[in-house]
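User: I should like to learn how to read individual features of a protein model, one at a time. Please give the general idea in each case and then show me how it applies here.

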Amino acid sequence: MQDKGINSTFKKIIYESSEMVFLADDSYPYSIFYGNESFEEEIGESLKEKTLVGLGLDINAYIFKEELVLTHGKKDFSFKLELPQDSGSNYFLFYQGKEIKTHGLPSRKEAYQFFTSKLDLIAIGKYDHLTYLNSSVLSVLGYETEELLNTNLCPFIHEEDLARIQGIWKSHQKNQEVALCELRFLGKDGNYRHLECSVQFNPETFFVIARDISYRYIQAKNDHKLDSLIDSVPDLTKSGKWKVDLEEQTVFLEPSSNLIIEGLLGNDLAKDTFQSGFLNQLKESVKTLTIEQQEFEGEFWVSESEKVDFSAFFPNKNRSIIWGVIWDNSKSRKIISEFDFLKKAWIECPDAMMIVKPDGQIVLSNKEVNQLFGLEKNSKITHLEDLNVFFEESYDWREWVNFPSGDASISRFSTLLINEKGQQLTLELAASRMEFDNSMFITLSFRNISEKINLEKKVEDSSNFLMNLTDQVPGGLYQMVLNSEGQMNFSFLSKGINAVLGISPQKIHEFNDISTAISKVHPQDLPQVIMSSVASARKMEPWQCQFRVKSGDNNQEYRWVLGAARPQALENGDMVWYGYLTDISKQKEFESKLDEARLAAEKANQIKSDFLSMISHELRTPLNAISGSVYSLFHEDPTDNQKSALNTINFAVENLIIMINDLLDFQKIEAGKLTIEHIPFNLKNTVDQVLKGLSFHAKDSKNKLNLHLSEGLDIAVKGDKTRLSQIMNNLITNALKFTNEGNVDVRIELLGQVRNKVKVYFEVKDSGIGIAPEHQEKIFDDFDQVKPTFSTKYGGTGLGLSITRKLLSLMGGKISLDSQVGKGSKFFFELEFDVEEEKQKIPMKVDNQTPSFNGLHLLMAEDNDVNALVLGKIIKKWGYTYERVHNGQEAVEAARIGKFDCILMDIQMPVMDGFEATIEIKKFSGTPIIALTAAAKLEIMERIDECKFEGFVAKPIDAAELLKRIKEVIKESNYKA
Ligand code: ADP
């Protein structure tokens, strides 16, 4: 104690004092280094740690105080305090310590603690200002106590609360009552705090205890906001609240939110994933917000297919706390989409539809209604009355809404409409009743059936037309069915059948059985009818048949009928014939007349042909005589004058013969009787012969006739020598005829040989008058000449080229022509011949044995004296002898008796003709027989072959040809012998 500067007197005083005194160090832990008796008794002895800290004193809190209250062992003690002095003491002096007796009142310490509590504001005031204020004001309002003491409080109170508070002050102050009130008090930070106050008014003063309840307001505001978020979620949507603390990483879901998540995800585990995912998404969302943004919203995919929408806000300044709501609108989306679908289906329905009230008010109508009535798309009709203008019967609609409620749930009406566009339509209306929400409605649907009606009319018209057609066509139409059981019936018969089969209209209905029809067919025609029907059915080919049917029920007369049908197989296996029957009795009659006429015409043609053949024969005989006589006269040394006359006669005769031959050939070709021979002949010789025969004619017409033969034509070919000569003759004669003092060039060329076939080119070219292009085709027609006057100038029948062309075509060739008027013409063609085998030359080998042809003795069978005379003269010219007989009979006898080298046999003779005679002679003699006939050779060719004639020479006789033939047949018979 010495070192602290405390003297003994002072110590004694202290020690003896009944009041407590103690001293403590001025440095931590402030050890109590002295206490008097009463202190030790009361406090010191029971102290565990004899320091100020041990006493529970915070010495700093007492730095400016002179008194303090000390609590120890449930007792309060008051002490005076002297702090260490800079100049003097270096200890704390606590003195005059005595126990504070409170009698149930709080101890001073308690009272002190109460007033220094941070919970509530405690204040004492007078009038409008405060005289005391505890330190809570700093934590609650942010002011230092001094800032609020002794100052008018009104400016701090929210203007909206001021009047009320002033009222309370006035009323309560007077009566000195306790007032409870809430008010907003301006804090130092400029924000108002909600204070809940209780005020005790005393005569001079008032005591206030106030508590900051702002948090309650904030809480309420936020709750309210959360509720309003819930209110704003779409209808029919499940929703729930949540609170998130981003810092604490906690998600609090209200039960309804929990239900949503569970509903979408199904279990708690998934809920955890939801929570972490949701936290993350919120974190990210917050990052994108500006500091001003207090609210935001978004959607969160809880799974790949399910999502929730959310809206959120920050409930306080701390932006790590977020409150919000989630909602799941999948169900409402589904309902809305279903609703949209139904709405669209209704609007787009292809029929016009309406829902109306029983008074005619339109509740709903779809797009098609406007279309049907021709109204603008957007125009709205509200009452059925509005439609009156469109209908013929204006108030029809009343019927549609007032129809009796019968059994049928749907009533139908039809009505005529002229729509806004002036189109007249027929409508079919269907109406049905419907009850909804205790109200009655009528559903109306309108259908435009104008087209259907038109179509029906068309079908009816065309059906009528077809019926009319079937009734009107001549004859009868039918349909016949053969079913799978083999029954045959008429399924349709037109009225025309009555007339064809002679059935009365009443009976036609009974006429569906096929047997009735068959019984009417003529027995002779029945097999044909049945056979052809069966064939048609089997081959599925059209049936056609002409037959006779009984013309009436009782009538036994028959009429001709043509039946035709086409079969068709039906899917059910039945067979159907569509056909007709028509009366052809008249046609048959006509046909038979036509037949008669044809027969008559054929007969006439035959007569004509016979006549032509007869007349030509008759003409040839005298011509023969003339030509023969001229021939013999030429050999009797005629004078020059006579020679000239004989030439003229010869020329005329030749022309006549050509004309007759042409006519005959033409007739034969027409009758199809001309055939082409295949007999070997020498090509070169034949051409030479033709040219030789025409050399006189060439000289006469002052033309040069030149022959150009190519190599290799001296061959024997098989063909018709006579016809080839005739063709060449025709062409060269024409060339000479139409050329004056010019050239006629005949060119024959061997074009080629393949095996035993040769191809030969023939050409006759002249430098004559030529043929105009327009005539070049015509001249090949029958009887055609360039100008009719030509025939008078040049002579001719116009048959030559026609015959030439026909003959060539029979021989496999085709004539062509090159011609220029004034320059000349060129006729040309090609022919193919079989080359005759080498054996033809065999006779040449026996040439050594060639019989001598001197002094031959011939038998001439000729009934015509002139012919006999001419022929006799010719034979004599050759230096031969002959015996003449007048018919076949005599010839047979002569042949039997006499010996002849050759027999010349005329064909047409009385008593016995040449054919018969030859047959007879051949029976006993091998003498060669040559037929002589004026008739066309081909006609009798077959018979000549049959009768085995060795040769044939046509009349009028070409003496040289006859001689050649005689020599040939003798040579041949010798060889055979
Ligand atoms: P026709 O007997 O009259 O000669 P064709 O049939 O032989 O009869 O000839 C028919 C017509 O063709 C002749 O009248 C003539 O006008 C014409 N014609 C035939 N050949 C020649 C030719 N070489 N030059 C000019 N015209 C010809």
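User: Let us begin with Ser819. In which strand is Ser819 found?

Analyst: Ser819 belongs to strand β31, which spans residues 816-820. Please keep in mind throughout that this is a predicted model.

User: Is Ser819 buried or exposed?

Analyst: The general idea is to compare the relative accessible area with a cut-off: a residue under 20% is called buried. Ser819 has a relative accessible area of 16% and is therefore buried.

User: Which backbone atoms lie by the polar side-chain atom of Ser819?

Analyst: For such a pair one looks for N or O atoms within 3.5 Å. A polar atom of the Ser819 side chain lies 2.7 Å from the backbone nitrogen of Ile771. The backbone oxygen of Gly824 is 3.2 Å from a polar atom of that side chain.

User: Which residues does Ser819 touch, leaving aside those up to four places away in sequence?

Analyst: With those sequence neighbours set aside, Ser819 touches Gly770, Ile771, Gln776, Gly824 and Ser825. Ile771 and Gly824 thus appear both in this list and in the polar pairs described above.

User: May we compare this with a residue in a loop? Where is His522 found?

Analyst: His522 sits in the loop between α15 (514-519) and α16 (526-539). Its relative accessibility is 13%, so His522 counts as buried. Apart from residues up to four places away in sequence, His522 touches Arg548 and Tyr558.

User: I should now like to read a pair of strands. How many bridges join β13 to β14?

Analyst: Seven bridges link β13 (residues 295-301) with β14 (residues 307-313), and the two strands run antiparallel. The connection between β13 and β14 is a hairpin of five residues. To follow the register, one reads the partners: Glu295 has Phe313 of β14 as its bridge partner, and Phe296 stands opposite Ala312 in β14.

User: Which strand pairs with β14 besides β13?

Analyst: β14 also pairs with strand β15 (residues 321-328), in the antiparallel sense and over five bridges. Within that pairing, Phe310 has Ile326 of β15 as its bridge partner.

User: Why is β14 described as largely enclosed by the rest of the structure?

Analyst: In a regular strand the side chains alternate between the two faces of the sheet. One therefore inspects each face in turn. On one side of β14, Lys307, Asp309, Ser311 and Phe313 are all buried, and on the other Val308, Phe310 and Ala312 are all buried as well. Because seven of the seven residues of β14 are buried, β14 is largely enclosed by the rest of the structure.

User: Next, open and closed spaces. What lines the second largest pocket?

Analyst: For a pocket, one reads the volume, then the lining, then the chemical classes. The second largest pocket holds about 600 Å³ of space. Its lining comprises 21 residues, and Ile218, Lys221, Pro315, Asn316 and Lys317 are those nearest its centre. β9 (192-201) and α7 (214-232) each supply at least two lining residues, and α7 gives the most, with eight. By class, the lining of this pocket has eight nonpolar, six polar and seven charged residues.

User: How many cavities of 30 Å³ or more does a search of the whole structure find?

Analyst: The search finds two. The largest cavity has a volume of about 80 Å³. Residues lining this cavity include Asn624, Ser627, Glu862, Leu871 and Lys955. α17 (585-634) and α24 (865-878) each contribute at least two residues to the lining. The lining of the largest cavity divides into five nonpolar, four polar and two charged residues.

User: Finally, which backbone features deserve a check in the loop between β1 and β2?

Analyst: Here one reads the backbone angles. A cis peptide bond, with omega about 5°, joins Tyr28 and Pro29, and Pro29 lies in the loop between β1 (20-25) and β2 (32-35). Tyr30 is in that loop too, and its phi is near 55°, a positive value in a residue other than glycine. At 16% relative accessibility, Tyr30 counts as buried.

User: What is phi of Asn438, and is Asn438 buried or exposed?

Analyst: Phi of Asn438 is near 65°, which is again positive in a residue other than glycine. Asn438 lies in the loop between β19 (424-436) and β20 (439-448). With 76% relative accessibility, Asn438 counts as exposed, whereas Tyr30 counts as buried.

Definitions and conventions
Residues numbered from 1 in each chain as written. Predicted model: local features only at pLDDT ≥ 70, side-chain atom pairs only at ≥ 80, totals over all residues. Heavy atoms only, no water. Pairing = 2+ DSSP bridges. Helix = DSSP H or I, 4+ residues; strand = E, 2+ residues; numbered from the N terminus. Buried < 20%, exposed > 50% of the residue type's maximum accessible area, 1.4 Å probe, protein only. Polar contact = N/O pair within 3.5 Å; in protein donor to acceptor, adjacent residues only side chain to side chain. Contact = heavy atoms within 4.5 Å. 1 Å grid on protein atoms, 1.4 Å probe; cavity = no way out; pocket = protein on both sides within 12 Å on 5 of 7 lines; lining within 4 Å. Points joined across faces, edges and corners; volume = space filled by probe spheres on them. Nonpolar A, V, L, I, M, F, W, Y, C, P; charged D, E, K, R; others polar.
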